[in-house]
Amino acid sequence: MPRFFKLIINIVCLGALLILCQQVWAQEWQPVRGGIPFGISGIALLGQQNNSLEFLIVHDNKQKNQGRLATIKIQSKNAPEYLPLNWQNNLALPIDLEALTSVPKNSNDFIAFASSGKAYHLKFQPNSKTISVIKEFSLSNIPPESNFEAFALQDIDNKLVAVWAHRGEAEQPAIIYWGKLDLQKYQITTLGSANFTVPFPLGNVRHISDLKIDSAGIVYVTSASDAGDDGPFQSAVYVAGYVGWSGNKLVWRQSSQLVPLHRSDYHKIEGMELVPGIAGGLIVGTDDENFGSYVYMVGGSN
């Protein structure tokens, strides 16, 4: 009998250890690439299959010999596959790309957005893994000292709604802007703005480092703190509010009590995407400066 009980105890302990290992794996951040030039500043879904996800990402680089775009493929528990993409040869390289959003109802079309307020309408060719630039355009009437880190599009009531944000820093609040995009004229019309601050992180916080809008008009934001190229870093994900039409008026309803949906004490989240479906969740990408980039699926299936 003692041997039997010892065997039972060993089996229980082994089972608990296996479960713990699975939980640790499920919570694991996956490294993408090392080094400052490979930080993820924006991310958008390219495609989903049964056991894999593919994303387009942007880097906020400024030098000629540094990449601007890449794809990453996440398949099962394998390390993400990173594929750099070339910018169109006959065009000047963008400076400081900080956001990336898909264009609703336009397959493989994306808008990349720079901190200056300049936007790039991109077309991704999945077979050749190449990018072409359809059009360059800019925000108008940009307030002085603006530093944009977020831009997202969503089709709401058959109208192309845009939400973007000046990041803010420390005591200076972020500013959320909302409006509409006419993709025929490449004209963004600003319809309103509001200040926005988060309770966490503290210190050198950028109150908005990215944002996305779901099909119901819910706006998700990430916030991040950056104490330097070696950190330490902190980040959080919030539901910031709701944007939608009330008659012919586009209205913004901001959350009065911000609840962190996720927080990290080790990474600087600068990119976020909403992934629908059974294996989906909210994927975040980091720009951890000297430590490179990581991705993590909040609430996703592992």
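## Buried aromatic residues

A residue counts as buried when its relative accessible area is under 20%. In this predicted model, Trp29 and Tyr296 are both buried. Phe148 is also buried, because its relative accessibility of 1% falls under the 20% cut-off. Tyr177 is buried as well, with a relative accessible area of 9%.

## Aromatic pairs

A pair of aromatic rings is described by two quantities, the distance of the centres and the angle of the planes. The model has 10 aromatic pairs. One of them joins Trp29 and Tyr296: the ring centres are 4.8 Å apart and the planes meet at 20°, so the pair is stacked, given that stacking requires an angle under 30 degrees. Distant parts of the chain are linked by this pair, with the two positions 267 residues apart. Trp29 belongs to the loop between helix H1 (2-26) and strand E1 (30-33), and Tyr296 to strand E21 (residues 293-298).

The pair of Phe148 and Tyr177 has ring centres 6.2 Å apart and planes at 65°, so the pair is edge-to-face, an angle over 60 degrees being the criterion. Here too the contact links distant parts of the chain: Phe148 is in strand E10 (residues 148-156) and Tyr177 is in strand E12 (residues 174-182), 29 residues apart.

## Aromatic cluster

Phe148 and Tyr177 also belong to one aromatic cluster, together with Phe113, Phe151 and Trp164.

## Charges over rings

Two rings have a charged residue over the face. Lys159 lies over Trp245, 4.2 Å from the ring centre. Arg263 lies over Phe200, at 4.4 Å from the ring centre.

How values were computed
Residues numbered from 1 in each chain as written. Predicted model: local features only at pLDDT ≥ 70, side-chain atom pairs only at ≥ 80, totals over all residues. Heavy atoms only, no water. Phe/Tyr/Trp six-rings, centres within 6.5 Å; stacked < 30°, edge-to-face > 60°. Helix = DSSP H or I, 4+ residues; strand = E, 2+ residues; numbered from the N terminus. Buried < 20%, exposed > 50% of the residue type's maximum accessible area, 1.4 Å probe, protein only. Lys NZ or Arg CZ within 6 Å of the ring centre and 35° of its normal.
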